[in-house]
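Thank you all for coming; I would like to take a few minutes to walk through the metal sites of one model. Please have a look at it first, and then I will go on.

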Amino acid sequence: MNKFNKAIFLDRDGVINKERKDYVKTINELELEPNISQYIKELKNLGFLVIVITNQSAINRNLTTHDNVQSIHNYIQKVLRSKNTSIDSFYYCPHKPDENCDCRKPKIGLLLKAKLDFQIDVKSSWFIGDNDSDIESAKTFGCNYLKISSTFPLESAIKKILTCT
Ligand SMILES: [Mg+2]
Ligand SMILES: [Zn+2]
């Protein structure tokens with residue numbers, strides 16, 4: 001196997017949709033970043049896979065369900081497909097911090113799974129997140145990373161990747 005892929009890993013809440021302090025539990029609570037389909041298109045035009053890596057502890061806090069989370073992801077795909085793009089895969093961790101799983105960021109279980117599933121070349125891949133745990137997981141994994149914030153929004157992160165590659 002010598003064909004490797006490069007990927008953009010995106011955190012979900014706070015990156016592709018607005019974060020809610022009480023968690024995004026249903027489609028009704030989902031507020032997508034307005035330009036997300038355009039950004040994903042631009043990244044895919046550069047040959048990147050686009051993969052979501054998200055902590056969804058609201059599941060094991062019994063605030064939402066696997067079904068709801070999957071419905072949210074299906075809905076995001078539907079919106080993106082209507083704009084002729086899509087996310088290649090969603091990986092989520094349902095666990096609470098005290099469960100000490102291997103997949104809750106800053107742990108890298110989900111990244112390692114994606115790497116295997118898609119034969120990803122880590123060094124040519126990027127993580128975009130809004131949280132220190134995103135950046136920590138990217139550092140452990142060994143990929144490039146960008147932390148977005150009010151002063152460095154997603155648009156700036158996309159531009160940075162477009163000019164770096
Ligand atoms: Mg986030
Ligand atoms: Zn987990």
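**Two metal sites**

The zinc ion (ligand 2) has as its protein donors C93 (SG), H95 (ND1), C101 (SG) and C103 (SG), which lie 2.0 to 2.2 Å from it; donors here are N, O and S atoms within 2.8 Å of the metal (3.2 Å for Na, K and Ca), and since water is not among the atoms, sites may look incomplete. I should say early that this is a predicted model, in which local features need pLDDT of at least 70 and side-chain atom pairs count only at pLDDT 80 or more, while totals for chains, interfaces and linings use all residues. Residues are numbered from 1 along each chain as its sequence is written, chains are lettered from A and ligands numbered from 1 in the order in which they are written, and side-chain values use heavy atoms, with hydrogens and water left out.

Along the chain, the zinc donors follow the spacing C-x1-H-x5-C-x1-C. Of these residues, C103 is buried, at a relative accessible area of 14%, where buried means under 20% (exposed is over 50%, partly exposed in between, with a 1.4 Å probe and protein chains only).

Turning to the magnesium ion (ligand 1), its protein donors are D11 (OD), D13 (O) and D130 (OD), at 2.0 to 2.2 Å, and their spacing in sequence is D-x1-D-x116-D. D13 and D130 link distant parts of the chain, being 117 residues apart. D13 also counts as buried, with 13% relative accessibility.

Conventions. Helix = DSSP H or I, 4+ residues; strand = E, 2+ residues; numbered from the N terminus.
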